[in-house]
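These are my notebook entries on one protein chain. I set down what I looked up, topic by topic.

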Amino acid sequence: MSVGALTACSGGNYCDDLKGYVDSSKDLDIKDSDAVGKMLDQAKKVSKSAPDDIKDDWKVVIDYAEKAKDAKGDTNKLMELAKSDGEKITPAMQAITKQAKDTCKIDLPGAGN
């Protein structure tokens, strides 16, 4: 794990990519599919440079964001998504948040809620 963490911030751009993700997800309105799309693009970028131990967590976030974007702001679809995928997204975001804070010293907004 320590090798992954070193690689993430010295050889890769994970921490920089993560900052871009944080910027795109600040004050995100899940009903705004364009904003979700921008956040999704950043999440995909981050997942490519993410340390191996959290790549699966980023996949969960990306899958969730893709479904949210596909809902096109439909509140009922978004509520169904929260019910169906909510149990998966929370632990994934908690793992990503912890790793971001420990490795990159970045606090993710609204994570783990």
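**Entry 1. Order of elements**

I read the elements from the N terminus on and found the order α-α-α-α-α. The protein has five helices and zero strands. I note that the model is a predicted one. The protein has 113 residues, and buried residues make up 38% of them. I also looked up how far apart in sequence the contacting residues lie. Among contacts with a separation of 6 or more, 60% are between residues 24 or more positions apart.

**Entry 2. The nonpolar core**

I asked which residues have the most contacts inside the largest nonpolar core. They are Y14, L18, Y21, W58 and L108, in a core of 28 residues. Helices α2, α3, α4 and α5 each supply at least two residues of this core. The largest share, seven residues, comes from α5.

**Entry 3. Y21 and W58**

I searched for aromatic pairs and found that the structure holds one. The partners are Y21 and W58, in an edge-to-face arrangement. Their ring centres are 5.0 Å apart, with 90 degrees between the planes. The pair links distant parts of the chain, since Y21 is in helix α2 and W58 is in helix α4, which covers residues 55-70. The two are 37 residues apart. Both Y21 and W58 are buried.

I then listed what Y21 touches, leaving out residues up to four places away in sequence. The list holds M39, Q42, A43, V46, W58, V61, M93 and L108.

**Entry 4. S24**

Next I looked at S24, which is also found in helix α2. Is S24 buried or exposed? Its relative accessibility is 19%, and buried means under 20%, so S24 counts as buried. The side chain of S24 reaches the backbone oxygen of Y21 at 2.9 Å. Not counting residues up to four places away in sequence, S24 touches K38, M39 and Q42.

**Entry 5. The loop between α2 and α3**

I moved on to D27, which lies in the loop between α2 and α3. Its phi is near 55 degrees, a positive value in a residue other than glycine. I recorded this because most residues other than glycine have a negative phi. D27 is exposed, with a relative accessible area of 80%.

K31 lies in the loop between α2 (14-25) and α3 (33-49) as well. Its relative accessibility is 47%, so K31 counts as partly exposed. Which residues is K31 in contact with, leaving aside its neighbours within four places in sequence? I found K72, G73, T75 and L78.

**Entry 6. The loop between α4 and α5**

I followed the contact from K31 to K72, which lies in the loop between α4 and α5. K31 and K72 are 41 residues apart in sequence, yet their C-alpha atoms are 6.7 Å apart in space. K72 has a positive phi of about 50 degrees although it is not a glycine. With a relative accessible area of 63%, K72 is exposed.

**Entry 7. Helix α5**

I began with the start of α5, where a side-chain oxygen of D74 reaches to within 2.9 Å of the backbone nitrogen of N76. Helix α5 covers residues 75-104 and has 30 residues. How far apart are its end C-alpha atoms? They are only 34 Å apart, short of the 44 Å that a straight helix would reach at 1.5 Å a residue. Looking along the helix, I found a kink of about 70 degrees, centred on D85.

D85 is also one of the buried residues of α5. The others listed are L78, L81, G86, I89, A92, M93, I96, Q99, A100 and C104. I kept a general rule in mind here: an α-helix has 3.6 residues a turn, so residues three or four places apart point the same way. Two names on the buried list appeared in earlier entries: L78 is in contact with K31, and M93 is touched by Y21.

**Entry 8. The end of α5**

My last look was at T103, which is found in helix α5. T103 is partly exposed, with a relative accessible area of 24%. T103 and C15 are 88 residues apart in sequence and 8.0 Å apart in space, C-alpha to C-alpha. Just after α5, K105 takes a positive phi of about 60 degrees.

Conventions
Residues numbered from 1 in each chain as written. Heavy atoms only, no water. Helix = DSSP H or I, 4+ residues; strand = E, 2+ residues; numbered from the N terminus. Expected span 1.5 Å × (residues − 1). Bend = angle between axes of the 7 residues up to and from the residue. Buried < 20%, exposed > 50% of the residue type's maximum accessible area, 1.4 Å probe, protein only. Polar contact = N/O pair within 3.5 Å; in protein donor to acceptor, adjacent residues only side chain to side chain. Contact = heavy atoms within 4.5 Å. Phe/Tyr/Trp six-rings, centres within 6.5 Å; stacked < 30°, edge-to-face > 60°. Core = buried A, V, L, I, M, F, W, Y, C linked by side-chain atoms within 4.5 Å.
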